[in-house]
Amino acid sequence: MVKLPFAPASALAPMEGVTGPALRARFASGGGVGLVCTEFVRVSRAALPAKVLTRAVVKAPEALLSVQVMGNEIEKMAEAAALLAEAGADVVDLNVGCPMPRVVRKGVGAAMLKDPALLFRVVSAMRAQVPGLLSAKVRLGWDDDAGALERARLLVDAGVDFLVVHARRRSDLYAGVADWRVIRELARALPIPVIGNGDLWYAADALRLMRDSGAAGVMIGRPALRNPWIFTQLAALRAGEEPKRPSGEDVFEWLLALDAGFRARDPGKRFGHVGPLKEQLGFLLRAVDDAGALRRRLLQLPDADSILRAAEAELASMPASRLDLDAHGTLGLERVPQLAEA
Ligand SMILES: Cc1cc2nc3c(=O)[nH]c(=O)nc-3n(C[C@H](O)[C@H](O)[C@H](O)COP(=O)(O)O)c2cc1C
């Protein structure tokens with residue numbers, strides 16, 4: 001297995017509209033995360049606006065910062081990469097995975113999977129401008145996974161330092177179960193570290209993926225929003241220690257901390273952070289067994305204070321046994337892919 005240039009070997013995935021500075025800081029300070037990622041910064045013909053740069057390049061002391069760019073204009077991508085590296089991004093990452101129609105219609109994101117020659121030129125041009133770490137985040141393919149290894153080799157030749165593989169095809173969007181087999185194929189074949197991503201719902205599964213596929217690390221998105229302890233649980237498992245099993249009170253405290261982070265980042269807006277708070281609560285409630293009625297009650301409340309009051313009343317006394325938050329996924333509310341024997 002090739003070693004990653006950051007430790008611990010776990011990353012918070014880029015999520016548009018979600019992984020802003022407050023959430024990244026919260027996860028970085030929670031521990032167990034070596035890298036936190038911004039959502040994509042769209043690079044088109046115009047120069048990158050200064051406010052995009054100030055929102056993206058906000059570093060937390062505990063983890064490296066990866067800033068993701070999306071675009072296919074060779075010179076503009078190189079310029080943006082230079083600017084971001086200069087502004088302090090520890091990693092500049094290229095988005096080769098976004099499946100949304102509004103994105104692929106423009107030939108960017110996952111659409112670049114279909115144009116390897118352009119992909120090579122864009123990454124090579126970025127490489128020439130980035131003295132630090134450069135990475136790409138890819139899907140397995142457009143509508144099948146043929147060519148995944150060839151494309152990965154081309155990215156290595158263009159100079160990426162590591163590769164993140166979201167184990168779905170573009171045609172899957174976010175549905176179905178991730179196919180970890182290609183992660184194993186790439187991890188075994190490539191001379192650079194491969195980070196596996198997709199459906200790592202429980203810490204034990206993240207550990208299993210690393211052990212069985214040879215992936216040098218894992219990147220976790222939605223499962224970390226559902227279970228923010230997944231990174232420290234993985235660190236504990238790797239160290240041979242007993243991972244924490246969070247209770248309802250822990251979940252409520254995490255929600256409070258998120259609320260404080262959202263307020264601090266946007267103090268002028270009275271209702272400005274209710275949307276993000278509800279979104280995060282929605283993810284956290286995915287870990288509560290039989291939460292339908294609770295979800296409806298909490299998410300229809302109008303403001304952050306009433307949400308927090310009601311969440312405290314509901315969650316503070318909730319036993320860990322009702323929560324699907326233990327490292328091994330004992331309640332098994334989420335579907336986990338299997339890696340067939342090689
Ligand atoms: C709301 C949301 C926004 C996302 N935005 C981005 C993005 O900006 N860039 C990117 O590369 N992937 C993005 N993704 C994909 C995730 O980074 C990740 O690859 C995917 O969710 C699978 O991993 P998971 O099962 O750990 O969530 C997004 C996913 C979600 C759910």
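Which residues line the second largest cavity? The legends below take this up first, and then visit other parts of this predicted model.

**Close-up 1. The second largest cavity and its lining.**
Here is the answer to the opening question: Leu35, Cys37, Ser66, Val91, Asp93, Ser135, Lys137, Phe162, Val164 and Met219 line the second largest cavity. Its volume is about 40 Å³. Four strands each supply at least two of the lining residues: E2 (35-42), E4 (91-96), E5 and E6. Sorted by class, the lining of this cavity has six nonpolar, two polar and two charged residues.

**Close-up 2. The largest cavity and its lining.**
Searching the whole structure turns up three cavities of 30 Å³ or more, and the largest holds about 70 Å³ of space. To find the largest cavity, look for Leu113, Val138, Arg139, Leu140, Ala148, Arg151, Ala152, Leu155, Leu163, Val165 and Leu186, which line it. Strand E5 (133-139), helix H6 and strand E6 (162-166) each supply at least two of these lining residues. Helix H6 gives the most, with four residues. Nine of the lining residues are nonpolar and two are charged, while none is polar.

**Close-up 3. Helices H6 and H7 where they pack.**
Now follow helix H6 (residues 148-158) to helix H7 (residues 181-189): the two pack at an angle of about 40 degrees, and their axes are 10 Å apart. Because of that angle, H6 is oblique to H7. The crossing of the two helices is right-handed. On the H6 side, Ala148, Leu149, Ala152 and Arg153 take part in the contact, and they meet Val182, Glu185, Leu186 and Ala189 of H7. Six residues of this contact are nonpolar, two are charged and none is polar. You may recognise some names here: Ala148, Ala152 and Leu186 are also among the residues lining the largest cavity.

**Close-up 4. The largest pocket and its centre.**
How many residues line the largest pocket? There are 29 of them, and Pro14, Met15, Glu16, Lys137 and Tyr174 lie nearest the centre of the pocket. The elements giving two or more residues to this lining are E2, E5, strand E8 (217-220) and helix H9 (222-226). The volume of the largest pocket is about 560 Å³. Its lining is a mix of 14 nonpolar, seven polar and eight charged residues. Lys137 is worth a second look, since this residue also appears in the lining of the second largest cavity.

Definitions and conventions
Residues are numbered from 1 along each chain as its sequence is written. This is a predicted model: local features need pLDDT of at least 70, side-chain atom pairs count only at pLDDT 80 or more; totals for chains, interfaces and linings use all residues. Side-chain values use heavy atoms; hydrogens and water are left out. Axes are lines fitted to C-alpha atoms, for helices over the stretch in contact, and angles run from 0 to 180 degrees between N-to-C directions. Angles under 35 degrees count as roughly parallel, over 145 as roughly antiparallel, 65 to 115 as roughly perpendicular and the rest as oblique. A crossing is left-handed if the near helix is turned anticlockwise from the far one by less than a right angle, and right-handed if clockwise. Contact means heavy atoms within 4.5 Å. Ala, Val, Leu, Ile, Met, Phe, Trp, Tyr, Cys and Pro count as nonpolar, Asp, Glu, Lys and Arg as charged, and the others, Gly among them, as polar. On a 1 Å grid over the protein atoms alone, a cavity is a set of points where a 1.4 Å probe fits but cannot get out, and a pocket is an open set with protein on both sides within 12 Å along at least five of seven lines; lining residues have an atom within 4 Å of a point. Grid points are joined across faces, edges and corners, and a volume is the space filled by probe spheres set on the points.
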